[in-house]
Amino acid sequence: MLGALWRLEVERKPLILSHTINAECNLHCSFCPFHRRKGREMKKAEIFNMLDQAKSLGVMIYNVWATEPLLRKDLPECLEYARSRGLITSIITNGILLEERVEELSSLDLLSVSFEGIKTYKEIRDGDAELVIRGIKKAREKGLSVMLNCVLSEKNTGEVEDLIKLARELGTSISFEPLQRYEELPESVWNEMMIKNRNNYIKAIDSIIEMKRKGFPIVNSSTYLSMIKKPEQRFKCRANDVIMHVALDGKIENCRDLEICLGRVDEGLDQVWRSSRSLRRKLAAECNGCLAFGYVESSLACSLKLDVLF
């Protein structure tokens with residue numbers, strides 16, 4: 001942690017390279033914007049070059065996510081190359097192909113699986129929850145560190161306790177964050193999934209806080225969980241100091257929500273990072289804020305919030 005803070009605060013270097021590695025998805029979740037987007041994917045050689053640059057820049061973690069990384073055939077080679085460059089490797093997946101491809105993930109350090117409900121999984125993601133759970137079990141058998149990611153909406157607040165118990169049973173951790181509104185989200189979907197019953201939502205958050213206190217494997221800090229009971233920004237965002245976002249075609253963006261272009265990978269990661277500092281700070285200062293788990297927790301960690309650091 002001290003090394004990470006030194007790189008961030010003294011050397012002014014990003015800690016995480018977050019990469020949208022492919023355009024396709026095998027689910028079409030109504031609340032997700034990424035399956036609606038198409039474009040040119042970076043070729044393997046371009047990704048290897050980017051990882052070389054990331055190593056030189058001092059990046060510590062290579063995080064692969066959207067749209068569905070397990071659909072990319074050369075994903076294991078990209079992870080292996082990142083690991084060979086000394087980067088911690090991480091992917092975020094919907095888990096549909098996990099059982100099929102987990103044997104190929106020997107160069108993976110951290111596996112995050114998006115999982116919003118047990119009874120409500122079919123309704124929320126129109127997929128097979130049991131297939132995902134089998135994949136998670138197989139990943140745990142292979143010794144992978146697994147975290148479940150749960151987006152809270154009107155549809156699943158009644159399932160949080162069952163999800164937390166499932167995480168403990170599977171030997172995984174679990175994180176929660178509220179559903180965020182974004183430009184591409186259809187009005188009809190937002191009206192269907194937005195939190196309407198605030199009492200049920202607050203009760204769900206209180207249950208998460210209490211189960212964390214009892215030692216259940218909940219990743220969120222107590223500070224963050226208290227914040228999301230009232231959906232408003234009350235922190236100084238440092239996400240675009242911590243994370244460098246690379247979009248599908250090699251565009252470098254300030255964050256996954258605003259998606260302001262800072263430059264391109266072929267201009268050089270170091271060059272884009274240095275030249276965009278004032279813009280990144282300006283965008284953070286003007287941002288209306290969000291409650292995305294990774295953004296808030298990383299920002300709080302930069303403020304040396306002790307429960308977040310732990």
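The second largest pocket of this predicted model has a volume of about 300 Å³. Of the 20 residues in its lining, T20, R37, A247, L248 and E253 are the closest to the centre. Two strands, β7 (243–246) and β8 (251–253), each supply at least two residues of that lining. That makes the pocket a good place to begin a tour.

## From the pocket into strand β7

One residue of strand β7 is M244. Is M244 buried or exposed? At 0% relative accessibility, M244 counts as buried. Leaving aside neighbours within four places in sequence, M244 is in contact with P14, I16, L17, S18, L57, I252, L269 and W273. For a sense of distance, compare N200: M244 and N200 are 44 residues apart in sequence, and their C-alpha atoms lie 36 Å apart in space.

## An enclosed space

Besides the pocket, there is the matter of enclosed space. Rolling a probe the size of a water molecule over the atoms shows where empty space is left. How many cavities of 30 Å³ or more are there? The count comes to one. About 30 Å³ of space lies in the largest cavity, and its lining is made by F31, E116, I124, V151, S153, N156, L179 and M193.

V151, from that lining, is also in contact with E177. E177 sits in strand β6 (residues 173–178) and is buried, with a relative accessible area of 15%. Its side chain makes a polar contact with the side chain of R256, at 3.5 Å. Apart from neighbours within four places in sequence, the contacts of E177 also include C150, L152, Y224, L291, A292 and F293.

## Helix α6 and its surroundings

Next comes helix α6, which runs over residues 129–141. This helix has 13 residues and reaches 18 Å from its first C-alpha to its last, close to the 18 Å expected at 1.5 Å a residue. At its start, a side-chain oxygen of D128 reaches to within 3.0 Å of the backbone nitrogen of E130. After the helix comes G143, with a positive phi near 85°.

Which residues of α6 are buried? They are A129, L131, V132, I133, G135, I136 and A139. An α-helix has 3.6 residues a turn, so residues three or four places apart point the same way. The buried residues of α6 pack against α4 (98–101), β4 (110–114), α5 (121–125), β5 (145–152) and α7 (160–170).

## Backbone details in the loops

Some backbone details are found in loops. The peptide bond from A66 to T67 is cis, with omega near 0°, and T67 belongs to the loop between β2 (61–64) and α3 (75–84). D126 lies in the loop between α5 and α6, while E259 is in the loop between β8 and β9 (261–264). Neither is a glycine, and the phi of D126 is positive, as is the phi of E259. The table sets these two residues side by side.

| Residue | Phi | Relative accessibility |
|---|---|---|
| D126 | near 55° | 53%, exposed |
| E259 | near 55° | 26%, partly exposed |

## Helix α14 and the cysteines

Towards higher residue numbers, L300 has its place in helix α14 (residues 293–302). At 4% relative accessibility, L300 counts as buried. Not counting residues up to four places away in sequence, L300 touches T223, Y224, M227, F235, K305 and V308. Y224 is thus a contact of L300 and also of E177. M193, a residue of the cavity lining, is 107 residues from L300 along the chain, and the C-alpha atoms of the two are separated by 28 Å.

C302 is also in the range of α14 (residues 293–302), and it is buried, with a relative accessible area of 13%. Why does C302 form no disulfide? The sulfur of C302 is too far for a bond, because the closest cysteine sulfur, in C237, is 9.4 Å away, whereas a disulfide needs the two sulfur atoms within 2.5 Å. The sulfur of C32 is likewise too far for a bond, because its closest cysteine sulfur, in C29, is 6.1 Å away. The count for the model comes to zero disulfides.

Definitions and conventions:
Residues numbered from 1 in each chain as written. Predicted model: local features only at pLDDT ≥ 70, side-chain atom pairs only at ≥ 80, totals over all residues. Heavy atoms only, no water. Buried < 20%, exposed > 50% of the residue type's maximum accessible area, 1.4 Å probe, protein only. Helix = DSSP H or I, 4+ residues; strand = E, 2+ residues; numbered from the N terminus. Expected span 1.5 Å × (residues − 1). Contact = heavy atoms within 4.5 Å. Polar contact = N/O pair within 3.5 Å; in protein donor to acceptor, adjacent residues only side chain to side chain. 1 Å grid on protein atoms, 1.4 Å probe; cavity = no way out; pocket = protein on both sides within 12 Å on 5 of 7 lines; lining within 4 Å. Points joined across faces, edges and corners; volume = space filled by probe spheres on them.
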